[in-house]
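Grab a pencil and have a go at these exercises. Try each task yourself before you read the worked solution.

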Amino acid sequence: MSSKLVMKNISMEFPGVKALKNVDFSVNDGEVHALIGANGAGKSTLMKILGGVNKGFTGEIFIGDKKLEICNPHDAKKEGIVVVYQEVDTALISNLSVAENIMLDYIVNDQKNVFMDWKKIRKEAKEIIVKLGLDIDVTRLISSLTLSEKQMVLIGRAVFQKAKYLVLDEPTAPLSIEETNRLFKIINTLKESGVSIAFISHRLNEIFAICDRITILRDGELVGEYDLKDLTMSDVVEKMLGRKLENTLPKLDVEIGDVQVEVENFSDGKLVHDVNFNVRKGEIVGLSGLVGAGKTELCRLLFGADKLHSGRILLNGKDVTPSNSAQAVKNKMALVPEERRKDGILVNENIETNLTLTTLEKYCKVSFMNTKEIKQKAKDLIDIVGIKTPSEMQKVANLSGGNQQKVSIGKWILSDADIFIFDEPTKGVDVGSKSDIYLLIGELAKRGKSIIYASCEFSEILGITDRTYVMYDGMISKELETKNTTEEELLYYSTGGVENEK
Ligand SMILES: Nc1ncnc2c1ncn2[C@@H]1O[C@H](COP(=O)(O)OP(=O)(O)OP(=O)(O)O)[C@@H](O)[C@H]1O
Ligand SMILES: [Mg+2]
């Protein structure tokens with residue numbers, strides 16, 4: 001008997017937003033099924049319905065011939081449906097250990113004894129970590145992990161809950177290439193053992209690498225369901241955006257001036273060691289390297305978000321080394337951080353507040369705020385960055401993942417900072433919006449700003465930067481002129497390659 005999972009005629013509305021309109025979605029036994037669509041297309045909403053988190057939808061869900069009543073997460077779990085949600089931080093409990101988080105389900109639901117068997121919990125969690133090929137002490141608190149480690153813990157928890165139907169909502173966004181490959185191996189093993197998997201990602205190469213079929217959504221509606229072997233990548237992009245995307249990595253022509261920013265001997269006494277580099281006026285300088293190379297740590301350090309051990313930053317020859325983030329803003333620096341929900345935005349505030357926070361001073365006369373002007377600015381920014389929302393008063397927590405990222409970028413666009421630091425800004429952003437973001441960054445460069453662009457995606461580094469510094473093990477291992485380098489060369493220096501041994 002078939003145990004195909006079928007969602008039929010699903011619709012769901014939020015105030016002011018028709019998130020899903022009569023959508024059909026199905027996953028065959030033992031297949032990996034891609035779900036794709038631009039930011040805000042309705043992918044997570046559909047999967048949250050399946051996981052029993054979203055209530056108030058219409059439509060039907062079946063396994064084979066059996067109609068399901070999924071009203072809460074427990075109902076979903078009973079049917080073997082496990083969902084790894086996109087918001088990594090909300091799915092983990094940060095002040096509990098890795099072991100407790102992995103075994104949460106067992107601790108909450110299955111543990112029958114009055115006393116917890118902590119030894120067993122730690123032992124089983126450890127086995128899971130080892131199976132995932134990770135090296136994390138299971139007694140560590142979640143709050144001390146990097147984003148990619150948190151994502152792997154979450155995957156570990158789900159994979160080993162023995163799902164029959166597994167949903168992975170953008171699991172690879174924060175992962176390194178190595179971790180992604182390991183995840184793909186796990187996915188293939190699960191698939192062979194008959195698990196049905198729904199896989200969401202904005203990276204088309206991943207979809208083509210591991211998925212069998214694909215469902216494409218646009219603006220809450222079904223575009224269609226296809227065999228992936230019948231489509232090319234540009235077919236998929238065209239169907240999801242409703243238009244052809246000519247250039248996925250647009251770069252503006254900008255005149256580059258003199259050195260504007262000099263970073264000298266930067267160290268945090270832990271991972272980042274003796275980093276020296278410079279950025280010219282109007283230049284986009286890449287910080288490339290693998291996940292874990294120290295790029296995020298360096299970005300945070302430059303912005304005064306973490307404690308500096310030694311070093312200084314000069315802006316036009318003047319020392320502007322910040323001792324905290326507030327001072328960094330005063331000293332004309334801006335940071336779009338990697339962990340947007342933790343550091344980049346106030347999720348419980350509305351879009352207007354988030355977008356205007358960094359430039360609020362501009363709209364204050366004596367002690368009065370020009371609320372009309374603030375509102376207009378927020379509206380303009382929503383247009384400029386392309387945030388999909390019914391209103392500027394929408395709470396940021398209610399935006400789709402990619403749209404939250406756009407808020408995190410948008411809040412800096414009109415600031416009068418001179419040094420812009422972007423740490424993996426296009427993570428979780430759809431291909432169409434990615435190219436819009438590259439153009440926005442290009443515009444900043446055109447206005448004479450100095451841009452520091454950290455990314456582990458070499459295609460991005462090659463497409464949009466002028467020069468790049470490769471980081472390896474907390475240090476800069478090589479400086480490269482972008483137009484004279486290749487992906488192979490970036491990879492060589494990112495993995496510890498040494499110049500004269502090449
Ligand atoms: N709790 C909510 N309240 C109000 N609106 C919501 C809520 N959850 C989602 N939405 C809206 O529903 C639409 C679909 O959002 P969804 O999160 O499903 O998009 P997505 O396809 O997963 O996008 P992304 O690629 O950015 O993750 C968006 O317009 C979003 O703002
Ligand atoms: Mg989503």
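The exercises below go from the whole chain to its sheets and then to the ligand, and they all use a predicted model.

**Exercise 1. Work out how the radius of gyration of the chain agrees with that of a compact globule.**

Step 1: Start with the length, which is 502 residues.
Step 2: For that many residues, a compact globule would have a radius of gyration near 23 Å.
Step 3: The chain has 23 Å, so the two agree.
Step 4: Now look at the outline: along the principal axes, the C-alpha atoms fill a box of roughly 70 × 50 × 50 Å.
Step 5: Inside that box, 47% of the residues count as buried.
Step 6: Finally, take the contacts between residues at least 6 apart in sequence; 68% of these join residues at least 24 apart.

**Exercise 2. Count the helices and strands in the chain, then find which strands stand at the edges of the open sheet 12-11-14-15.**

Step 1: The count gives 19 helices and 22 strands.
Step 2: Four of the strands make an open sheet in the order 12-11-14-15, with antiparallel pairing.
Step 3: Strand 12 (275-280) and strand 15 (318-319) each have a single partner strand, so one side of each is left without a neighbour in the sheet. Those two are your edges.
Step 4: Check a pairing inside the sheet: strand 11 (residues 259-267) and strand 14 (residues 310-315) run antiparallel and are joined by five bridges.
Step 5: To spot this pair in the structure, look for S267, which stands opposite S310 in strand 14.

**Exercise 3. Decide which way the residues of strand 16 point, and find how strand 16 runs against strand 19.**

Step 1: Strand 16 covers residues 333-336.
Step 2: M333 and L335 point one way, while A334 and V336 point the other way.
Step 3: All four are buried.
Step 4: Four bridges join strand 16 to strand 19 (residues 419-423), and this pair runs parallel.
Step 5: A handy landmark here is L335, which stands opposite I421 in strand 19.

**Exercise 4. Describe what surrounds ligand 1 and explain why it lies between two domains.**

Step 1: The shell holds 20 residues, and the closest are F14, S44, T45, S400 and G402.
Step 2: Strand 2 (17-27), helix 1 (43-50) and helix 16 (401-413) are the elements that give two or more residues to this shell.
Step 3: Sorted by class, the shell has five nonpolar, twelve polar and three charged residues.
Step 4: Domain 1 (5-241) and domain 3 (342-415) both give residues to the shell, so ligand 1 lies between them.

Key:
Residues numbered from 1 in each chain as written. Chains lettered and ligands numbered in written order. Predicted model: local features only at pLDDT ≥ 70, side-chain atom pairs only at ≥ 80, totals over all residues. Near = placed C-beta within 6 Å. Nonpolar A, V, L, I, M, F, W, Y, C, P; charged D, E, K, R; others polar. Domains from an automatic or database assignment. Pairing = 2+ DSSP bridges. Rg over C-alpha atoms; globule rule 2.2 N^0.38 Å. Buried ≥ 20, exposed ≤ 12 C-beta atoms within 10 Å, placed from the backbone. Contact = placed C-beta atoms within 7 Å.
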